[in-house]
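Welcome, and please take a moment to look over the sequence and the model side by side. We will start at one residue and work outward from there.

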Amino acid sequence: MDIDSFSRGKNHFDEDFFDDFTNSAHLFHDDVLKRVVSINSAKKPFNILNKYASRCRRLNGDNLNFSIFERESQVISSLSVETLIHLGAEKFIKSSSKVSAELSVLSHPYPSSVLCQSEEDCVGVRLVHCLLTCAEKVDKKKYEEAYELLLECDRMSCSRGSVVERLVFYFSEGLYERIDRETGRVTPKGLGKKFEDPLVAVRGPVETSIAFHNEFPVSQITKFAGMQAVVDNVGEARKVHFVDFEIKNGIQCIILMQALVDRCGDPLDGLRISAVCVGGETRAGVEATGRRLASFAGSLGLSFSFEVVVVEDLLELDEKSFSRVDNVDEVVVVYAEYTLSYMIGGPDRLHHVMKVLRGLRFRVMVVAEVEANCNSPVFVERFVEAMLFYGAYFESMAGCVRSEEHRRIAEGTCFGSSIRNVVAAEGRERKIRHVGIRVWRAFFARFGFEETELSMSSVYQANLVVKNFASGSFFTFGIDGKSLIIGWKGTPMSSISAWRFDVPSDSNAM
């Protein structure tokens with residue numbers, strides 16, 4: 001196969017399992033950040049930084065320091081968002097801690113006023129400090145004090161400013177809404193401001209989605225490395241059934257078709273694609289994607305069929321939802337790109353989908369997910385985790401996405417809605433519940449899914465992609481277990497993993 005040339009061009013779902021395992025899965029690997037945690041442990045009134053290191057950690061698996069990954073880093077004048085958040089956290093601890101003597105063990109030997117390289121950096125540190133202090137006040141239910149701090153954040157932040165100003169703008173909106181929810185008020189920036197359902201908003205407009213694929217490396221890394229994993233696992237199979245849970249514009253299917261047609265060995269006799277569509281409102285778009293894919297398959301001379309599997313609720317999905325072909329030689333592949341985590345908040349749905357997938361007896365399931373821990377039941381821990389993750393994402397978008405319009409749409413619609421939901425909502429209303437690969441690993445094991453190692457070809461695809469981007473040198477790769485972790489300046493952002501299922505002797509074991 002030749003993905004290379006293509007990539008060079010352009011029972012009961014135990015929801016508490018995720019909450020409990022997320023908490024136990026945090027491992028602190030950075031000694032400096034451990035010291036930050038020890039300092040904060042002495043400050044008992046507020047435990048906001050106990051899990052700080054879990055998101056600030058560098059890629060702590062097997063770092064891919066091969067020669068193909070050695071790239072010269074560009075010199076930038078301002079501090080990274082992660083550093084600004086860290087300095088703001090230091091300022092927060094210093095302003096609220098009575099144990100000033102212990103501050104000397106913080107990671108930065110110089111105060112933020114010395115480290116800041118510009119007025120923008122200084123404003124960023126003040127904003128982070130203000131936001132963290134506000135989160136503390138909300139956690140302690142000191143709403144009037146929190147409201148005053150939010151007004152200060154409003155004066156220094158905006159949706160068109162620096163990365164930190166944009167980040168604080170959206171987190172402030174989440175805090176406004178949380179205060180409204182807890183006090184019963186309706187304010188213009190809280191419950192008075194209508195937001196789209198976060199599970200709908202994350203899809204974003206088609207134009208923005210295409211722009212991000214073209215300009216943002218993570219999208220291409222996910223698709224090229226993911227499709228390489230599919231090709232590696234189907235072997236010389238001549239009939240492939242590809243089940244996609246979030247097909248969108250189908251770019252990953254085009255990559256797969258080209259790769260399967262170009263592979264060495266036996267030619268492909270046929271490719272079937274089943275696109276799962278939850279809710280009828282997205283069916284027309286999925287059908288349009290199917291027509292485009294059929295046209296592309298025709299240009300390759302590939303026998304192709306496409307079906308839309310429409311269900312109003314994932315609990316309605318079963319093995320009979322998929323057209324069956326009486327052909328024992330057909331290999332089933334499952335592809336889930338940034339979709340399984342959105343099922344965590346729905347009772348029974350994720351568990352039900354796993355049972356359906358087991359019934360399909362897939363050869364390989366490739367999963368791409370956000371590598372973040374935004375599912376803690378403790379508000380302040382979840383707040384800091386989310387701030388660090390979205391901070392890295394906002395900074396990477398600033399470095400990659402040329403169109404201010406598409407960047408603003410993504411931040412305000414896709415990410416803004418998610419941030420607001422993570423910060424403001426609880427219980428069933430909290431739909432954004434990202435967890436890391438270690439949580440997924442433990443969850444999949446419950447269903448007999450075994451992680452299979454990604455080949456070096458998949459890693460190579462990821463590296464080829466970033467070489468096409470001016471900011472590619474800031475994207476980092478690491479291996480956690482057998483999964484590929486994609487990061488920005490060392491902060492994990494996404495994971496790609498592959499899973500196989502060997503049918504047990506007792507198929508009803510789970």
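**A walk through the model**

N373 is buried, since its relative accessible area is 9%; here buried means under 20% relative accessible area, exposed means over 50%, and partly exposed is in between, with a 1.4 Å probe and protein chains only. You will find N373 in the loop between β6 and α16. Helices (H or I, at least four residues) and strands (E, at least two) are DSSP runs, numbered from the N terminus. The side chain of N373 reaches the backbone nitrogen of G436 at 3.2 Å. That is a polar contact, a pair of N or O atoms within 3.5 Å; within protein, one must be able to donate a hydrogen and the other to accept it, and residues adjacent in sequence count only if both atoms are side-chain atoms. From N373 to I437 it is 64 residues in sequence, but 9.6 Å in space, C-alpha to C-alpha.

Before going further, a word on the source: this is a predicted model, in which local features need pLDDT of at least 70 and side-chain atom pairs count only at pLDDT 80 or more, while totals for chains, interfaces and linings use all residues. Residues are numbered from 1 along each chain as its sequence is written, and side-chain values use heavy atoms, with hydrogens and water left out.

How confident is the predictor? The score to look at is pLDDT, the predictor's confidence in each residue, from 0 to 100. The protein chain averages a pLDDT of 82, and 78% of the residues score at least 70. Among the elements of the chain, strand β6 (residues 364-370) has the highest mean, 98, and helix α3 (residues 31-42) the lowest, 34. Over residues 65-77 the pLDDT stays under 50, and the model has 24 contacts beyond four places in sequence for them; a contact means heavy atoms within 4.5 Å. Residues 505-510 also stay under 50, with seven contacts beyond four places in sequence.

I437 turns up again when we move to S497, in strand β10 (residues 491-501). Leaving aside residues up to four places away in sequence, S497 touches M365, V366, V367, I437 and S483. Is S497 buried or exposed? S497 counts as buried because its relative accessibility is 1%. Its side chain makes a polar contact with the side chain of W499, at 2.7 Å. The C-alpha atoms of S497 and K482 are separated by 7.1 Å, with their positions 15 residues apart along the chain.

Two loops deserve a look for their backbone angles. Most residues other than glycine have a negative phi. R361, in the loop between α15 (349-360) and β6, has a positive phi of about 50° although it is not a glycine. R361 is exposed, with a relative accessible area of 53%. K489 sits in the loop between β9 (483-488) and β10, and its phi is also positive, near 55°.

Now to the helices. The axes described here are lines fitted to C-alpha atoms, for helices over the stretch in contact, and angles run from 0 to 180 degrees between N-to-C directions. Angles under 35 degrees count as roughly parallel, over 145 as roughly antiparallel, 65 to 115 as roughly perpendicular and the rest as oblique. Helix α12 (residues 217-234) packs on helix α13 (residues 251-262) at an angle of about 40°, with the axes 9 Å apart. That makes α12 oblique to α13. From α12, the contact involves K223, F224, M227, V230, V231 and V234, and from α13 it involves I251, Q252, I255, L256, A259 and L260.

Helix α13 has another partner: its axis and that of helix α14 (residues 283-300) come within 10 Å and cross at roughly 15°. The two are therefore roughly parallel to each other. Here C253, I254, M257, Q258 and V261 of α13 meet L293, F296, A297 and L300 of α14.

Finally, turn to helix α11 (residues 206-215), whose buried residues are T208, A211, F212, H213 and E215. What covers them includes α12, α13, α16 (379-400) and α17 (404-424). The axes of α11 and α17 are 10 Å apart, at an angle of about 110°. That makes α11 roughly perpendicular to α17. The contact is formed by E207, T208, A211 and F212 of α11 with H406, I409 and A410 of α17.
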